[in-house]
Amino acid sequence: MQKFKFSMREKLSLVLALIIFISLFISSSMTYHEQKMSSSTIKTYFGFLDPLLSHISINYGGQIHSASKDGLTNFTQFFVRKLAHFSSYFLLGLGLFAGLKRFFLNKVYAFIFIWPVTISLAVFDEYHQYLTGDRTPSVHDVVLDSIGALCGILLFLIYRLFIEKICEKKQ
């Protein structure tokens, strides 16, 4: 029986997933006030979003969020927070799938295992927030996290299919 060895890409993917998970754990350990961005920070780093965000509204958790309702600074902070949820779980799902897919007989089994693992991590993260003072866990955040992980996994699968088709054409 051959000894299983991770490739360099798989190792890097798993390290990415681990870094994301650790940063999520640290972030959910912080209170809302410790994470709150000042208006000057938002203007400095996210001011480029102002033209886009000033014209949109988002229905999230049964509430409408918009620049006209919340104020541009608060809406930008809301948008950046939700984007962070999506993108961190996008990278977590991508990293776990890219790093662990060879453990499974096929990609469908890998998907059936890895996506629920990322959902479980999102639930754990929201529970961890519940234990932190001044934080409110949200089912809507778990759904957003799950969609982010799903998109990361699906993007990886689409990329691999595209690469496989290119390799077939060359042969």
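These entries record what I looked up in a predicted model.

**Entry 1: Ser 13.** I began with Ser 13, which is found in helix H1, spanning residues 8-29. I asked whether Ser 13 is buried or exposed. Its relative accessibility is 14%, so I list Ser 13 as buried, the cut-off being under 20%. I then looked for a polar partner of its side chain: a polar atom there lies 2.8 Å from the backbone oxygen of Arg 9. Setting aside residues up to four places away in sequence, I found Ser 13 touching Gly 95, Ala 98 and Gly 99.

**Entry 2: the cores.** I next examined the largest nonpolar core, which has 17 residues. The members touching the most other members are Leu 24, Tyr 89, Leu 92, Leu 96, Phe 97, Ile 114 and Ile 153. Two or more residues each come from H1, helix H6 (72-100), helix H7 (107-131) and helix H8 (139-170). H6 gives the most, with 6 residues. I followed Leu 96 further: beyond its neighbours within four places in sequence, Leu 96 contacts Leu 14, Ala 17, Ile 114, Val 117, Thr 118 and Leu 121. I also noted a second, separate core of 11 residues, among them Met 37, Leu 53, Phe 79 and Leu 144.

**Entry 3: the surface patch.** Turning to the surface, I found a nonpolar patch formed by Leu 18, Ile 22, Phe 25, Ile 26 and Phe 124. Together these residues have about 460 Å² of accessible area. H1 supplies the largest share of the patch, 4 residues. I checked Phe 25, which lies in helix H1. Its relative accessible area is 38%, and I therefore record Phe 25 as partly exposed.

Notes
Residues are numbered from 1 along each chain as its sequence is written. This is a predicted model: local features need pLDDT of at least 70, side-chain atom pairs count only at pLDDT 80 or more; totals for chains, interfaces and linings use all residues. Side-chain values use heavy atoms; hydrogens and water are left out. Buried means under 20% relative accessible area, exposed over 50%, partly exposed in between (1.4 Å probe, protein chains only). A polar contact is a pair of N or O atoms within 3.5 Å; within protein, one must be able to donate a hydrogen and the other to accept it, and residues adjacent in sequence count only if both atoms are side-chain atoms. Contact means heavy atoms within 4.5 Å. A nonpolar core is a set of buried Ala, Val, Leu, Ile, Met, Phe, Trp, Tyr and Cys residues joined through side-chain atoms within 4.5 Å. Patches are made of residues with over 30% relative accessible area and no salt bridge: like charges are joined within 9 Å, nonpolar side chains (Val, Leu, Ile, Met, Phe, Trp, Tyr) within 5 Å. Accessible areas come from the Shrake-Rupley method with a 1.4 Å probe; for residues, only the protein chains shown count as cover. A salt bridge is a side-chain nitrogen of Lys or Arg within 4 Å of a carboxyl oxygen of Asp or Glu.
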